[in-house]
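Let's take a walk through this protein together, from its packed inside to its sheet. Have a look at the sequence and the 3D view first.

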Amino acid sequence: MKNIPLCLILLLFVLPTRLAGQKNATYEAYVEQYKDLAVQQMLKYRIPASITMAQAILESGAGRSDLAVKGNNHFGIKCHGWTGRTMHHDDDASEECFRAYSDAQQSFEDHSRFLVNGQRYKGLFSLSIMDYRGWAKGLKQAGYATNPAYPELLIRLIETYNLSQLDGETSYDKYMASKASKNRSADGQPLHPIRLYNNNYYLIARSGDTFDSIGREVGISGRKIAKRNERPFDDPLSEGDIVYLKKKQKQAMDTFEGVPHTVKAGQSMYLIAQMYGVRLKNLYKMNGLKPDYQIQAGDRLRVR
């Protein structure tokens, strides 16, 4: 494995002790994008998903390292015994050889096989899949990393981002796992992280996005995506717009039963419908309103 730079250790280990409770949004987005791959690997190989995710965050800088960006290598695995594609990167020595993959799924799969087939890691598989502390310490003892703080770094990540909840999963979202398999779109830009809300998939539009460009990235017709978001296909998207990938629900999540939405200044019925992942016509219907009704700040709307 590659050495973890001191600056990253300070970022992951020292600074969080001073900023208790604060989370890095980049790390959270990375977890959302790749957690289903980690669970997929756990169910296949019995490696705790929390450990896989923590190692991926740590080794790749949450997907921002050159190895991850240029070679889809999220675990810093070097070329030893590797016959596939390679790339070179300065580590312990100049221009060391690292494994390179066609997508992130191959990297996660190779990481699992690296542990399963490595003689020195066999003892880890006698540990409980829920024992992330034992796995973190065992990886260091087996020589996965030279950094003496490696177990503490993994444990801090797992506990800060509540990754241990993944270890209790018995299934994973195949759609999310497939969409996480690549980290670049066709035009070379980073993929939009896809998230789940109200039994739907959504992403947040960036500057310059269109329904067509998003459709090409996610493999769904841009016209279908526009229709599912109740907008014309050529309607310009703004940075920060919520874009759902499936047809929206008729009502909000059950946690909003009996909890009305209080309209704030500047909010429209459409914006509120997008916030809750609800079809606009159903939002009007639930509140007995006609489409020409002009809502006012302070109005209280049923969303379920």
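Let's start with M53. Which residues is M53 in contact with, once we leave aside its neighbours within four places in sequence? In this predicted model, the list is Y30, V31, Y34, K35, A38, L163 and L166.

M53 also belongs to the largest nonpolar core, a group of 47 residues. Along with I57 and Y144, M53 touches the most other members of that core. Helix 2 (25–45), helix 3 (49–60), helix 5 (104–117), helix 6 (132–141) and helix 7 (150–160) are the elements that each give two or more residues to this core. Helix 2 gives the most, with nine residues. If you're wondering about the general idea, nonpolar side chains in soluble globular proteins tend to be buried together.

There is also a second core, separate from the big group just described, with 14 residues. Among them are M176, A205, I225 and A226.

Now for the sheet. It's an open one, made of three strands in the order 3-4-5, and the pairing is antiparallel. As a reminder, strands of a sheet pair through backbone hydrogen bonds, either parallel or antiparallel. Strand 3 (195–197) and strand 5 (242–244) are the edge strands, so to speak: each pairs on one side only, as the definition of pairing used here is applied.

Here are the two pairings side by side:

| Strands | Sense | Bridges | Residues standing opposite each other |
|---|---|---|---|
| Strand 3 and strand 4 | antiparallel | three bridges | R195 and Y202 |
| Strand 4 and strand 5 | antiparallel | three bridges | L203 and V243 |

How are the neighbouring strands turned against each other? On average the angle is 45 degrees, with direction ignored.

Strand 3 and strand 4 form a hairpin with two residues between the strands. In that hairpin, N198 takes a positive phi near 50 degrees.

Is strand 4 largely enclosed or largely open? Four of its five residues are buried, so strand 4 is largely enclosed by the rest of the structure. Buried here means under 20% relative accessible area.

Finally, look for helix 11 (residues 269–276), which lies across strand 3 and strand 5. Helix 11 runs at about 60 degrees to strand 5.

Notes:
Residues are numbered from 1 along each chain as its sequence is written. This is a predicted model: local features need pLDDT of at least 70, side-chain atom pairs count only at pLDDT 80 or more; totals for chains, interfaces and linings use all residues. Side-chain values use heavy atoms; hydrogens and water are left out. A nonpolar core is a set of buried Ala, Val, Leu, Ile, Met, Phe, Trp, Tyr and Cys residues joined through side-chain atoms within 4.5 Å. Buried means under 20% relative accessible area, exposed over 50%, partly exposed in between (1.4 Å probe, protein chains only). Contact means heavy atoms within 4.5 Å. Axes are lines fitted to C-alpha atoms, for helices over the stretch in contact, and angles run from 0 to 180 degrees between N-to-C directions.
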